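Please open the model in your viewer and set the display so that cysteine side chains can be picked out. The tour below goes from one cysteine pair to the next.

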Amino acid sequence: MTAFLLACSLNGIMSNGIYFQNVNYCIDYKDKLNQQTFMKDDKPQTYECICKLVPYVDTEKVKVY
């Protein structure tokens, strides 16, 4: 199955991604999460997200929303 991966990082450190069947859902979440900032130890932390096409995802091993 082809899916779209929502991949987010916090100051360059990648977190786990979420897979979507529909690119529009992926983009909606990216738009809401991308560039959010908060302060930690008096330093700004920035959340950056992208949507990436993944040609094949094994749906028995990965949940696709």
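A disulfide is taken here as a pair of cysteine sulfur atoms within 2.5 Å. In this model, which is predicted, that rule gives a count of two disulfides. With bonded cysteines counted along the chain, the disulfides of the protein chain follow the pattern 1-3, 2-4.

Select Cys 8 and Cys 49 to begin, and you will find a disulfide whose sulfur atoms lie 2.2 Å apart. Cys 8 belongs to strand S1 (residues 3-10) and Cys 49 to strand S5 (residues 43-54), so this pair ties together parts that are 41 residues apart in sequence. Turn the view to look along the S-S bond: the angle about that bond is 110°, and the link of Cys 8 and Cys 49 is right-handed. If you then add a surface, bear in mind that Cys 8 and Cys 49 are both buried.

Next, select Cys 26 and Cys 51, which are joined by a disulfide with an S to S distance of 2.2 Å. Here the pair links distant parts of the chain, with Cys 26 in helix H1 (residues 23-33) and Cys 51 in strand S5, 25 residues apart. The angle about the S-S bond is -115° for Cys 26 and Cys 51, and their link is left-handed.

Stay with this pair for a last stop: is each partner buried or partly exposed? Cys 26 has 0% relative accessibility and therefore counts as buried, whereas Cys 51, at 26% relative accessibility, counts as partly exposed.

Terms used. Residues are numbered from 1 along each chain as its sequence is written. This is a predicted model: local features need pLDDT of at least 70, side-chain atom pairs count only at pLDDT 80 or more; totals for chains, interfaces and linings use all residues. Side-chain values use heavy atoms; hydrogens and water are left out. Helices (H or I, at least four residues) and strands (E, at least two) are DSSP runs, numbered from the N terminus. Buried means under 20% relative accessible area, exposed over 50%, partly exposed in between (1.4 Å probe, protein chains only).
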